[in-house]
Amino acid sequence: MTTQSDYVFTRDYIDNNRINLQHYHWIEQFGYHLHPQIPTTSSQLRIADVPTGTGVFLTDISARLPSTAQLDGLDISLKATPPAGWLPPNVSFRQWDIKQAVPDDLVEKYDAVHVRLLMFVLHDDEILGILQKFTKLLKPGGYLQWGEGDISSIRIEKTHPDNKIDAITQLVKIFKSQDTRLTPTWVTKLPALMESAGLDNIQVDTRDGPSYLNFAMHEASLMLPEVMVRTTRNQTFAKEVEQILPEAVEETRKGAMWSFPKCTVVGRKPTTP
C-alpha cells in the first residue's frame, strides 16, 4: 500500500477530462442536476458545489437557474477550475478544505449544497463529521444532495458467458490495493448518516443502467489506474498497470466491463433545531 495523500488522483488535464465526462454521464443517467425535491426558482438562490473539482456541475447548471442565483464552488485546490474570465457571471470559486472548520461567512449561507463522488477521497470514519460541516453550510430548510457510486457492489458484466474478464478483474484488484479509500463501505450507509447529522425528509434515488451508459462510464473509469500511477509513483503498481491495462481494454472491446449502482441521496435541514 502506498503512503496516502489527500487526493489520490492528479488534477491534470487527463483527470479533468475524466471528471467532466463522468459529470455528463451522471446527468444522463439521473436526468437532473438537482433533485426535483429541491426548489430552484428563487431569484436569491444560493448553491454550493463541494468539492467542485473542475467546476463542471456549476458551469453546466448555471444557465438552467435564475441569472441572479449565486453559485459557489468550494475545494481544497482550484487547479482544475477554468480561468475566471471564462466563467458564467454567477459562478465563482473559493478554496476550502472540507476537513477544516466551516468559514464563518459560509455558515447557513446556502439553499442547496451539491456533493458528488467523494468515495475515493474520504475514509469511512470521516463521513459523519464531513456531513455535519455540509449541514452547517445550509440555511434552515436548505437541502444537501450527495451522489455516489456504490463501489462495494461492483460486478463484472459480459455480453457473452465465454468472454474473458481476467485482466479487468485483476485491474480492479490492484487498483483497490493502493489506498484504503478505494474500498469504501460508507456509501450504502449515507441515508442513515444524513439522519444522524440532523437532516430529515431523506430521499434515495438509485440508478443502475442502461448497459450502454454503464459501458461508457466503465471506459471513462479505465483512465483511473494510469492517473493514479502518476500520483503514487509506485513502480510496482506502474508495471502492473502497464501490463494489465491493454489486456483490460481488449476485454472491454470484446464485451466486458465493471459496473456498480449509483445513488443520489437528498436530505433537508430542519427549519427549527
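Which residues do ring pairs link into a cluster? In this predicted model, the cluster consists of Trp26, Phe30 and Tyr32, joined by ring pairs. The structure holds 4 aromatic pairs. One of them is formed by Trp26 and Phe30. These two rings are stacked, with 4.9 Å from centre to centre and 20 degrees between the planes. Both residues belong to helix 1, which covers residues 13–30. Trp26 and Phe30 are 4 residues apart there, so about one helical turn separates them. Trp26 is buried, with a relative accessible area of 5%. Phe30 is buried too, at 4% relative accessibility.

A further pair joins Phe134 and Trp146. This pair is edge-to-face. The ring centres are 5.5 Å apart, and the planes make an angle of 65 degrees. Phe134 lies in helix 3 (residues 127–137), whereas Trp146 lies in strand 5 (residues 138–149). The pair therefore ties together parts that are 12 residues apart in sequence. Phe134 and Trp146 are both buried. Another ring, that of Phe260, has a charged neighbour: Lys262 lies over its face, at 4.7 Å from the ring centre.

The main sheet comes next. Strands of a sheet pair through backbone hydrogen bonds, in either a parallel or an antiparallel sense. Here, 7 strands form an open sheet with mixed pairing. Their order is 3-2-1-4-5-9-7. Strand 3 (91–95) and strand 7 (200–207) stand at the edges. Each has a single partner strand, so one side of each is left without a neighbour in the sheet. On average, neighbouring strands of this sheet are turned by 15 degrees against each other, direction ignored.

Strand 1 (residues 46–49) has partners on two sides. Strand 2 (residues 70–75) runs parallel to strand 1, and 4 bridges join them. Strand 4 is also parallel to strand 1, with 3 bridges. Ile47 illustrates both pairings. Ile47 stands opposite Leu71 in strand 2 and opposite Ala112 in strand 4. Together with helix 2 (residues 56–61), strand 1 and strand 2 make a right-handed β-α-β unit.

Two other helices meet the sheet. Helix 1 lies across strand 4, strand 5, strand 7 and strand 9 (262–268). Helix 1 runs at about 75 degrees to strand 9. Helix 3 packs on the sheet and touches strand 4 and strand 5. The direction of helix 3 makes about 140 degrees with that of strand 5. Helix 1 thus carries the stacked rings of Trp26 and Phe30, while helix 3 carries Phe134.

The loop between strand 4 (110–116) and helix 3 contains Met119. Met119 is buried, with a relative accessible area of 8%. Met119 and Thr185 are 66 residues apart in sequence. In space, their C-alpha atoms are 8.9 Å apart.

Strand 6 and strand 8 form an additional pairing. Strand 6 (residues 155–158) pairs with strand 8 in the antiparallel sense, over 4 bridges. Ile156 has Trp258 of strand 8 as its bridge partner. Which residues cover the two faces of strand 8 (residues 256–259)? Ala256 and Trp258 lie on one side, and Met257 and Ser259 on the other. All of these are buried, and both faces of the strand are covered.

Methods:
Residues numbered from 1 in each chain as written. Predicted model: local features only at pLDDT ≥ 70, side-chain atom pairs only at ≥ 80, totals over all residues. Heavy atoms only, no water. Phe/Tyr/Trp six-rings, centres within 6.5 Å; stacked < 30°, edge-to-face > 60°. Buried < 20%, exposed > 50% of the residue type's maximum accessible area, 1.4 Å probe, protein only. Lys NZ or Arg CZ within 6 Å of the ring centre and 35° of its normal. Pairing = 2+ DSSP bridges. Right-handed = clockwise from strand over helix to strand, strands pointing away. Axes fitted to C-alpha atoms, helices over the stretch in contact; angles between N-to-C directions. Contact = heavy atoms within 4.5 Å.
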